[in-house]
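Reader: I've got a new model open and I'd like to learn how to read it. Can you walk me through it?

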Amino acid sequence: GMYLSMGNLLRNPQLGLLFIDFSSPKRLRVSGVASIDEHDPLLEAYAEALVIYRALGLPRQEARALNNMGIVFSSLGEYEEALAHYKSSLKIDQLLGDRSGVALKLGNIGQAYGDLGDLDRAHADRPERAPVLHHHRQDRAELDDDVEHLPLIGIIAEDLGSKDQVP
């Protein structure tokens, strides 16, 4: 969803949004040209948050901040830096046993490798990600989190030219 769109805006800045009010037959369309700030002030805020989360012993929040920093770096085209943050966040989620967080981070790592043009590594974690999502659905019956990660598998398959083979 939203994070994938940020990366797409670097390639095509044309933007269109559709807002629908389902309680009445009203809708609003907005279109324009988007840009991404090369010196995103959020990086400083996330870095400050990391210090606080670590001092307070809040690993789940630390993992989220690291992942969000990875998203910012990815949106700026700094994929190696994004990978470092995603991998740090992944380690925390693995220690916490957060299966949904692990699936999200594996997807982000795969996307970053895909953006670097390393499709073998982008595709490598797909078998590991699928059981994590399946187990998460069975344990918690929360499909919304899982569905969020499935487009990443499709993007990788499309890059590999095998969209019809997506599990």
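Reader: Let's start with the basics: how many helices and strands does the chain have?

Author: Keep in mind that this is a predicted model. The chain has eight helices and two strands. Going from the N terminus, the order is α-β-β-α-α-α-α-α-α-α.

Reader: And what percentage of the residues in the chain is buried?

Author: Of the 167 residues, 37% are buried.

Reader: Okay, now the surface. Which residues make the nonpolar surface patch?

Author: Leu15, Leu17, Phe19, Leu28 and Val30 make it, and the patch covers about 420 Å². Strand S1 (14-21) and strand S2 (26-33) each bring at least two residues to it. S1 gives the largest share, with three residues.

Reader: Take Val30, then. Why does Val30 count as partly exposed?

Author: Partly exposed is the class between 20% and 50% relative accessible area. Val30 has 37% relative accessibility, so that's where it falls. This residue lies in strand S2.

Reader: Now the helices. How do I describe two packed helices?

Author: You give the angle between their axes and the distance between the axes. Here, helix H2 (residues 42-56) packs with helix H3 (residues 59-75) at an angle of about 160°, and their axes are 9 Å apart.

Reader: Are H2 and H3 roughly parallel or roughly antiparallel to each other?

Author: Angles over 145 degrees count as roughly antiparallel. H2 and H3 are therefore roughly antiparallel to each other.

Reader: And which hand does the crossing of H2 and H3 have?

Author: It's a left-handed crossing where H2 passes H3.

Note on methods:
Residues numbered from 1 in each chain as written. Predicted model: local features only at pLDDT ≥ 70, side-chain atom pairs only at ≥ 80, totals over all residues. Heavy atoms only, no water. Patch = residues over 30% accessible without salt bridge, like charges linked within 9 Å, V, L, I, M, F, W, Y side chains within 5 Å. Areas by Shrake-Rupley, 256 points an atom, 1.4 Å probe, with all protein chains shown as cover. Salt bridge = Lys/Arg side-chain N within 4 Å of Asp/Glu carboxyl O. Helix = DSSP H or I, 4+ residues; strand = E, 2+ residues; numbered from the N terminus. Buried < 20%, exposed > 50% of the residue type's maximum accessible area, 1.4 Å probe, protein only. Axes fitted to C-alpha atoms, helices over the stretch in contact; angles between N-to-C directions. Parallel < 35°, antiparallel > 145°, perpendicular 65-115°, else oblique. Left-handed = near helix turned anticlockwise from the far one by under 90°.
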